[in-house]
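Biologist: I am new to this structure and would like a close look at a single part of it. Please take one helix and go through it slowly, then add what else can be said.

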Amino acid sequence: MAAYVETSSLGGANQVTTIGQFSDIRPTDWAYQALSTLIERYGCVAGYPNGLYRGGRPLSRFEAAALLNACLDRVTETTDELKRLLKEFEKELAVLKGRVDGLEAKVGELEATQFSTTTKLSGRATFVLGAPNFSGTAVNTAANTVNRRTPNPLTGARVSAVDLPNATTFNYDVQLNFDTSFTGRDLLRTNLRAGNFQGANGSVFGGNPHSLGISELEVAFEQPAGDNIVGIYKLFYQFPLGNGFTATAGPRVGQEDMIALWPSVYPADSILNVMTVNGAPAAYSKNLGSGAGVWWQNTNWSVSTNYVSYNAQDGDPKAGGIGTKASGATGSVQLAYQQAQWGLAAIYTYLQPETAFVPGSTPFTHSAIDHNANAATNAIGLSGYWQPWSSGLAPSVSLGWGVNSTNYSTPQPTGSLLTSQSWMVGLQWTDVFSLGNDFGFAVAQPVFATALSGGVVPDDSNYVWEWWYKVQVSNNITLTPALLYISRPFGQSTPRNQTFSELAGLVKTTFRF
């Protein structure tokens with residue numbers, strides 16, 4: 001199309017108000033946008049009486065002069081109107097200019113004093129106030145201890161009673177995330193963490209004593225060096241590779257950081273750690289150490305693979321390193337599929353002993369999987385979730401199941417662990433009684449023995465329940481009272497014909513900033 005415009009000053013031309021009045025102008029024409037602007041903003045374009053524009057018609061110099069004069073007249077009219085408005089609102093515009101100048105000065109000051117142009121800081125501080133109550137025929141009230149099965153059926157050694165941590169405790173966990181991006185698509189995460197849950201006489205909510213580890217909360221933490229010490233908890237770098245692939249690597253990275261889809265929407269506010277691992281604590285062990293992983297993801301499908309070595313920092317191959325018998329390593333592969341309301345995942349994990357420990361197991365299975373230097377475990381998990389479109393009577397449902405096979409490189413005593421299982425179901429309602437308040441409960445069986453060598457019949461099962469209600473006090477503060485019940489926390493280590501259970505209550509307060 002020629003760059004040609006007819007105006008009302010030309011003979012036989014009709015003024016138009018929209019470009020749609022021209023039947024021979026199409027949106028694909030190269031001058032379409034320019035004509036549209038001239039018509040709608042300045043009104044200085046006309047066409048022929050038959051509704052045509054005839055953009056291909058040659059333009060004479062006289063016609064070009066008439067066109068230019070018509071458009072300049074309209075521009076002059078517009079300029080005069082703008083001058084009148086500027087004069088009328090002169091005082092208001094001066095005030096606005098002063099405010100803009102002030103804002104620019106403040107922005108400049110912030111840019112000069114800001115922590116970093118590439119790093120964002122976020123944090124979470126958690127307070128936990130609570131107490132447990134232990135009951136059953138295995139409890140010695142006078143001594144405040146609980147008996148365990150003795151002698152140990154595998155070693156024959158005498159097993160002593162356990163002191164009960166039934167005092168009321170007040171603990172904290174605090175985390176600071178420094179998230180840095182150099183390209184806008186990558187992430188360097190540095191997580192600093194401190195707490196006071198797990199000392200020599202720590203809280204039961206920190207998994208103390210070791211034989212009551214099922215009671216551990218997801219937020220319970222303490223640096224290996226002790227209470228109230230800040231240290232680097234995680235340090236890893238994540239970046240896209242293209243074509244749906246993402247890579248992650250770091251000297252302090254968790255298995256969960258390298259999985260594209262975490263197949264659960266439970267819980268909105270975590271309580272027990274065992275309820276956060278999709279019903280398959282061995283497969284989703286959240287091992288933490290030096291590691292690397294890659295995932296591929298499109299709209300629905302994802303495949304994740306990763307390796308984590310808990311002891312990678314040690315140079316002695318008998319004590320650690322990467323790819324050694326003492327690495328404390330896990331290797332995982334997950335296949336997942338998700339839609340807007342639901343998702344499913346299948347995972348396989350190979351576990352060496354002496355990892356960061358399976359987050360939810362009986363003392364018997366924990367001893368075999370996590371502490372037997374000659375053991376290796378193959379874990380499989382199947383997990384999924386469904387959630388409604390909106391709040392209402394229908395809850396979201398998260399569930400999972402895990403099965404594990406433990407093998408040994410040396411002969412083991414009769415009655416050693418061969419097969420173990422686990423499962424979990426969690427329900428959650430959102431906006432209960434008030435916007436932002438959530439209620440949930442879950443029931444699970446942590447990793448418990450289902451088959452032992454030599455045909456010995458296991459007696460390792462127990463059940464774990466939790467109920468909680470999260471109150472959204474403000475945008476940054478939540479208050480969550482919770483009730484926990486654990487039947488037979490010792491599992492197979494409970495004395496024969498005796499009972500032992502734990503009932504605990506707590507209030508968890510979380511501050512996010």
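Modeller: What follows starts with helix α1 and then turns to a small sheet and a cavity, all in a predicted model. Helix α1 covers residues 32-42, and Leu35, Ser36 and Ile39 are buried in this helix. These three span an arc of only 100° around the axis, so they lie on the same side of α1. The spacing fits a general rule: an α-helix has 3.6 residues a turn, so residues three or four places apart point the same way. Gln33 and Arg41, on the other side of α1, are exposed. Buried here stands for under 20% relative accessible area, and exposed for over 50%. Just after the helix comes Gly43, with a positive phi of about 60°.

Next, the sheet. Its 3 strands form an open sheet in the order β4-β5-β6, and the pairing is antiparallel. β4 (139-140) and β6 (162-163) are at the edges with a single partner strand each, so one side of each has no neighbour in the sheet. Between β4 and β5 (residues 145-146) there are 2 bridges, and the two strands run antiparallel. Opposite Asn140 stands Thr145 in β5.

Last, the cavity. The count of cavities of 30 Å³ or more comes to 1. The largest cavity has a volume of about 40 Å³. Its lining is made up of Gly213, Ile214, Glu216, Asn273, Val274, Pro359 and Gly360. Sorted by class, the lining of the largest cavity has 3 nonpolar, 3 polar and 1 charged residues.

Conventions
Residues are numbered from 1 along each chain as its sequence is written. This is a predicted model: local features need pLDDT of at least 70, side-chain atom pairs count only at pLDDT 80 or more; totals for chains, interfaces and linings use all residues. Side-chain values use heavy atoms; hydrogens and water are left out. On a 1 Å grid over the protein atoms alone, a cavity is a set of points where a 1.4 Å probe fits but cannot get out, and a pocket is an open set with protein on both sides within 12 Å along at least five of seven lines; lining residues have an atom within 4 Å of a point. Grid points are joined across faces, edges and corners, and a volume is the space filled by probe spheres set on the points. Ala, Val, Leu, Ile, Met, Phe, Trp, Tyr, Cys and Pro count as nonpolar, Asp, Glu, Lys and Arg as charged, and the others, Gly among them, as polar. Two strands pair if DSSP finds at least two bridges between them. Helices (H or I, at least four residues) and strands (E, at least two) are DSSP runs, numbered from the N terminus. Buried means under 20% relative accessible area, exposed over 50%, partly exposed in between (1.4 Å probe, protein chains only). The arc is that of the directions from the helix axis to the C-beta atoms.
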